[in-house]
Amino acid sequence: MGHHRPSRQFRRTALGTGAALLLVALNLPAALSFAEDRYHAYKTGQPSYRVQYGSWGLVGLPDEYKINAMHAALLHTGKVLLIAGSGNDQRNFDAGTFSTVLWDPRDDTFKKIPTPEDFFCSGHGQLPDGRLLVAGGTARYEVLDGEVTRAGGAMRVKNESPDKAVRLPKGTVFRSPSGVEYVSKFDVTVPKATRRFEIAHERGGRMMPWRTKVTAAEARVFVEAVERGAAGLTTQAAQYAVAGLTGRDAKDVYGLAERLSADKQDFQGIKSAYEFDPVAEKYVPVGPMKDARWYPTLVGLQDGRVLAVSGLNDVGDVVPGDNEYYDPRTKKWSKGPSHYFPTYPALFLTRGGKLLYTGSNAGYGPKDKGREPGLWDLTANRFRTVGGLADPDQLETSSSVLLPPAQDQKVMVLGGGGVGESRLATARTAVVDLKEADPVFRSTARLPRAVRYLSSVLLPDDSVFTTGGSGDYRGRGASDVRKAQFYYPRTDSFVAAADPAVGRNYHSAALLLPDGRVATFGSDPLFADKDNTRLGKFEHRLEVYTPPYLYRDPALRPVLGKGPGEVGPGGSATFEAKGARRVERARLMRPSAVTHTTDVEQRSIELGLRKSSGTVTVTVPADPTLVPPGWYMLFVTDADGTPSVAKWIRVRGKS
């Protein structure tokens, strides 16, 4: 048979086929990824899968409402307050662009809220009347090593006048003995000095003072050298004159500084505090704190007050153990017990009124100070350490929860990492039983993998839903853990849940919604790729998890109807209830106020339960250290743990 050349049509077909094969080869990874995504969507959409693992869904978020959500709090209106402030974006800070968005998960509507100050990295806590206390935030962004162009540091401003306080506005100039000038970056008010009379002897039957002792008052302010470069550097303690003051004022008011350097300058906090009114949907200013705080924890107490703890102050130092109480009746702050903690310490109100510090924190502070867990007696100001915790050097960015129900008085620590930019992460979990005479942490079931920034959310069926996090600092090396699981305290076991689509690491949060779902927000990775070459972007997507219990027969789901809107400590409340006979348990669940995966508000309290035809009656424990005053979600569940939609009820404080 003779050899012949292929026809033109054959050549075109062959070339087309070859090109197509080449394109397939070049795009095989993308094609496989697309096929895997299609299969994953198919698999996770099956009813049998959802009944076992639940499902995730993205909320349609219009561009105008996309903010860097650092903070999330559930309000008793059922809406979620998402606070960004400047959102870890110095351009927003410099422009004074501060953001808050209110999300209604019932219909996925959004509303912008005017934000008066930079609440980026503030603290927040629920108040007895349902308002949200927001305190602290950002006064100044950090300046990194190598980028500091002017010497700066803390100036201690003294006032020796016992007759008047002094206010020095931002921009006040302090002059060294050699004539070097420094300018203040914030307003500062120094109280008047204290005057004390000392008694020397008795004259004519009366005690007579023979001299007056005056003790100068002091306040701090951050200052920077007016001139760039090395001229402003000093390591010598010196007294600084205040420019513009004359006469007696010039003698009474002066500055003291030990060291003004070009070292890295940390973030600085603000003293401002506000209450967010959920009904009027606006921030209302209240009395400022004594100390500025950035990264503080706010924890609600049994008497309705709130304790503000730690944070970076107005010169960028961790507040050195000075803590303060907020009284919602007076809208003012007062001195609290002294103890040093790193920033965003996890503190839980326990039965009897002591606070448990689990060791979980968000980072700022030395490696060897304030990191050991313990029980803190606020009245006596005594701190007793609690030992037994494995991997104690990996508590930074760990998660902590008061396990359900709160009556069990068991607190759990999950995951965490090393201090600072450490690559260390742990899969360790541990539980402490505070009912023991000498409580210690005991290791419990390990997480499926080592993780930091894990979100942990209490569910109404007494499980703990954990999701997200990363294996390295701020998700470096594409280390986000796109996994979720349930922890069951009674069996000390983890069970897999559906995988989220969105990775969450630093600056992420999650909270329980009144319908039994879980919402997740935020994430602020350093890099966006495995090789750490592309800078990361803040995660704006809002993803909601629907647990398996919401895929059961809806006709059998308990339904709560009409009932009272409030109850006193130890009181009872009766609600209409469809399927009342199937109700097995009732829980009060305090709404979250969460940031940096730190949520000391959430707690689940077991209620007494009586059933009749068409109604359920629940009884609230009388102990306010177990049930702090405030608004709660009331859930009832059946024997399988299927919850009702929550009813909001306010628990009054003791009169």
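**Cavities**

I went for the largest cavity to begin with, and its volume comes out at about 100 Å³. Which residues sit closest to its centre? I get Leu61, Ile67, Ala69, Leu82 and His540, out of 15 residues that line the largest cavity. By class, I note nine nonpolar, three polar and three charged residues in that lining. Strand β39, residues 518-522, gives the largest share of the lining, with three residues. Searching the whole structure, I find nine cavities of 30 Å³ or more.

**Confidence**

A reminder to myself that this is a predicted model. I looked up the confidence next: the protein averages a pLDDT of 93, and 92% of the residues score at least 70. Where does pLDDT stay under 50? I find that over residues 1-15, a stretch for which the model has one contact beyond four places in sequence. Residues 17-24 are also below 50, and for them I see zero contacts beyond near neighbours in sequence. Where pLDDT is low, the predicted coordinates should not be read in detail, so I leave such stretches alone.

**Sheet β30 to β33**

I then traced an open sheet of four strands, in the order β30-β31-β32-β33, and its pairing is antiparallel. The edges are β30 (399-402) and β33 (441-444), each of which pairs on one side only. From one strand to the next I get an average twist of 25°.

How many bridges hold β32 and β33 together? I count four between β32 (residues 429-433) and β33, in the antiparallel sense. Looking up one pair, I find Thr429 with Thr444 in β33 as its bridge partner.

I also checked the loop between β30 and β31 (410-414), where Pro405 lies. The peptide bond from Pro404 to Pro405 is cis, and I read omega near -15°. I flag that bond because most peptide bonds are trans.

**Sheet β34 to β37**

Further along I have another open sheet of four strands, ordered β34-β35-β36-β37, and the pairing is antiparallel. Which strands are at the edges? I find β34 (455-458) and β37 (493-496) there, each pairing on one side only. Neighbouring strands of this sheet are turned by 25° against each other on average, direction ignored.

I looked at the β34 edge too: four bridges join β34 to β35 (residues 464-467), and the two run antiparallel. Here I see Ser456 standing opposite Thr466 in β35.

**Hairpin β11 and β12, plus β16**

My next stop was β11 (residues 173-175), which three bridges join to β12 (residues 181-184), running antiparallel. I looked up a partner for Val173 and got Val183 in β12. The two strands form a hairpin with five residues between them. In the turn I find Gly179 with a positive phi of about 95°.

What else does β12 pair with? I find β16 (residues 217-225), again in the antiparallel sense, over three bridges. For Tyr182, the bridge partner I read in β16 is Ala225.

**A backbone oddity**

Which residue other than glycine did I note with a positive phi? Tyr344, where I read phi near 45°. I wrote it down because most residues other than glycine have a negative phi. As for its place, I find Tyr344 in the loop between β25 (332-335) and β26 (347-349).

Key: Residues are numbered from 1 along each chain as its sequence is written. This is a predicted model: local features need pLDDT of at least 70, side-chain atom pairs count only at pLDDT 80 or more; totals for chains, interfaces and linings use all residues. Side-chain values use heavy atoms; hydrogens and water are left out. pLDDT is the predictor's confidence in each residue, from 0 to 100. Contact means heavy atoms within 4.5 Å. Two strands pair if DSSP finds at least two bridges between them. Axes are lines fitted to C-alpha atoms, for helices over the stretch in contact, and angles run from 0 to 180 degrees between N-to-C directions. On a 1 Å grid over the protein atoms alone, a cavity is a set of points where a 1.4 Å probe fits but cannot get out, and a pocket is an open set with protein on both sides within 12 Å along at least five of seven lines; lining residues have an atom within 4 Å of a point. Grid points are joined across faces, edges and corners, and a volume is the space filled by probe spheres set on the points. Ala, Val, Leu, Ile, Met, Phe, Trp, Tyr, Cys and Pro count as nonpolar, Asp, Glu, Lys and Arg as charged, and the others, Gly among them, as polar.
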